[in-house]
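Colleague: Before I plan anything at the bench, could you walk me through this model, with the cut-offs behind each term?

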Amino acid sequence: MNVFPLAAVIGHPIAHSLSPRMHRYWLSRLGIAGDYTAMDIAPDGLEAALRSLPALGFRGVNLTIPHKLAGLKLADTVTDAARMIGAANTISFADGVIHADNTDGYGFIENLRQGAPSWNSARPALVLGAGGAARAVLYALIEAGVPEIRLANRSPDKTDALAAHFGPRIAPLPWPEAEEAARGAGLLVNTTSLGMTGQPPLIFCLNALPRDAVVTDIVYVPLETPLLSAARVRGNEVVDGLGMLLHQGVPGFERWFGQRPEVTDELRKVVQS
Ligand code: ATR
């Protein structure tokens with residue numbers, strides 16, 4: 001086998017990805033001779049890329065927009081996480097096989113555990129949004145044993161579809177009832193794009209949310225979204241979304257390069273610099 005292991009993130013476009021900075025930091029920190037790069041590949045080139053990269057020394061790739069669904073379909077083997085989330089973000093090549101995983105749910109839960117160690121998974125959670133990111137969050141919360149996940153989305157057909165897919169622990173509710181559904185929750189998660197730089201803020205009254213609930217946002221530009229600021233001001237513990245991106249990279253790095261990297265404050269500074 002090739003002794004200079006390579007990996008990459010494939011997207012279209014890809015210029016703004018933070019992944020190369022993160023993986024290169026880990027490679028250098030752990031003294032591993034290898035590299036991680038970014039590749040801009042259009043949808044019609046994905047299959048050819050995945051079939052040819054192993055011979056060039058690539059151990060695997062991360063997939064980002066717009067390739068996560070196509071990667072799942074092209075794979076020979078698929079983890080339960082990727083199948084349930086319905087997307088692949090981490091591909092490994094071994095023995096001529098394309099193996100697809102999804103580590104977004106893992107990244108979400110590890111970020112939550114690191115940022116809010118006192119989070120109690122036995123209490124209900126309230127999740128806002130029902131897009132691709134919500135699927136990873138729901139998968140992770142179910143795996144973590146959360147007994148009831150209240151799910152609100154502007155378009156109600158998506159919450160019903162996710163409840164049918166993920167089962168009875170998902171409680172879909174109409175968007176106008178989301179604020180009241182925060183009552184008794186131990187966790188509030190924003191998975192919508194609201195609050196991201198360039199998007200409108202998420203208008204969400206936190207009055208019903210217990211003050212000991214944890215609030216987290218998958219948006220990380222800005223790092224402190226208006227939702228997180230409002231929650232912090234009233235005394236809730238908050239966890240920003242950058243850590244989800246960092247933690248989701250850990251399983252792929254370990255698989256491709258053979259050592260388990262850590263998500264540290266120094267890494268957070270490096271990727272933001
Ligand atoms: P991602 O893969 O990041 O989850 P997505 O699949 O496009 O992205 O999902 C975006 C989420 O933000 C959806 O839940 C979307 O709600 P709809 O399903 O109703 O479109 C939500 N969202 C985006 N803009 C919104 C807005 N102005 N108000 C409420 N929800 C919004």
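The questions and answers below go from the ligand to single residues and then to the backbone.

Modeller: This is a predicted model, in which local features need pLDDT of at least 70 and side-chain atom pairs count only at pLDDT 80 or more, while totals for chains, interfaces and linings use all residues. Residues are numbered from 1 along each chain as its sequence is written, and side-chain values use heavy atoms, with hydrogens and water left out.

Colleague: How many residues surround the ligand, and which are the closest?

Modeller: A residue is taken as near a molecule if one of its heavy atoms lies within 4 Å of it. The shell of the ligand divides into four nonpolar, seven polar and two charged residues, where Ala, Val, Leu, Ile, Met, Phe, Trp, Tyr, Cys and Pro count as nonpolar, Asp, Glu, Lys and Arg as charged, and the others, Gly among them, as polar. In total 13 residues surround the ligand, and the closest are Ala-130, Asn-153, Arg-154, Ser-155 and Lys-158.

Colleague: What is the distance from an oxygen atom of the ligand to an N or O atom in the side chain of Ser-155?

Modeller: Two backbones also take part, since a polar backbone atom of Ala-130 is 3.0 Å from an oxygen atom of the ligand, and a backbone N or O atom of Gly-132 lies 3.1 Å from a ligand oxygen. These pairs fall under the term polar contact, a pair of N or O atoms within 3.5 Å; within protein, one must be able to donate a hydrogen and the other to accept it, and residues adjacent in sequence count only if both atoms are side-chain atoms. For the side chain of Ser-155, the distance to an oxygen atom of the ligand is 2.5 Å.

Colleague: Is Gln-248 buried or exposed, and which side chain does Gln-248 contact?

Modeller: Gln-248 lies in helix α9, residues 242-257, helices being DSSP runs (H or I, at least four residues) and strands likewise (E, at least two), numbered from the N terminus. Gln-248 counts as buried because its relative accessibility is 7%, where buried means under 20% relative accessible area, exposed over 50% and partly exposed in between, with a 1.4 Å probe and protein chains only. A polar contact of 3.1 Å joins the side chain of Gln-248 to that of Asn-89.

Colleague: Is His-23 buried or exposed, and how far is its C-alpha atom from that of Asp-35?

Modeller: His-23 belongs to helix α1, residues 19-29. With a relative accessible area of 0%, His-23 is buried. Twelve residues along the chain separate His-23 and Asp-35, and their C-alpha atoms are separated by 8.1 Å.

Colleague: What is the phi of Asp-95?

Modeller: Asp-95 lies in the loop between β5 (90-94) and β6 (97-101), and Asp-95 counts as exposed because its relative accessibility is 83%. Most residues other than glycine have a negative phi. Asp-95, although not a glycine, has a positive phi of about 55°.

Colleague: Which residue does a cis peptide bond join to Ile-65, and what is the omega of the cis bond from Val-221 to Pro-222?

Modeller: Most peptide bonds are trans. A cis bond joins Ile-65 to Pro-66, with omega about 5°, and Pro-66 lies in the loop between β3 (58-63) and α3 (68-74). Pro-222 is in the loop between β11 (214-217) and α8 (226-233), and for the cis bond from Val-221 to Pro-222 omega is near 10°.
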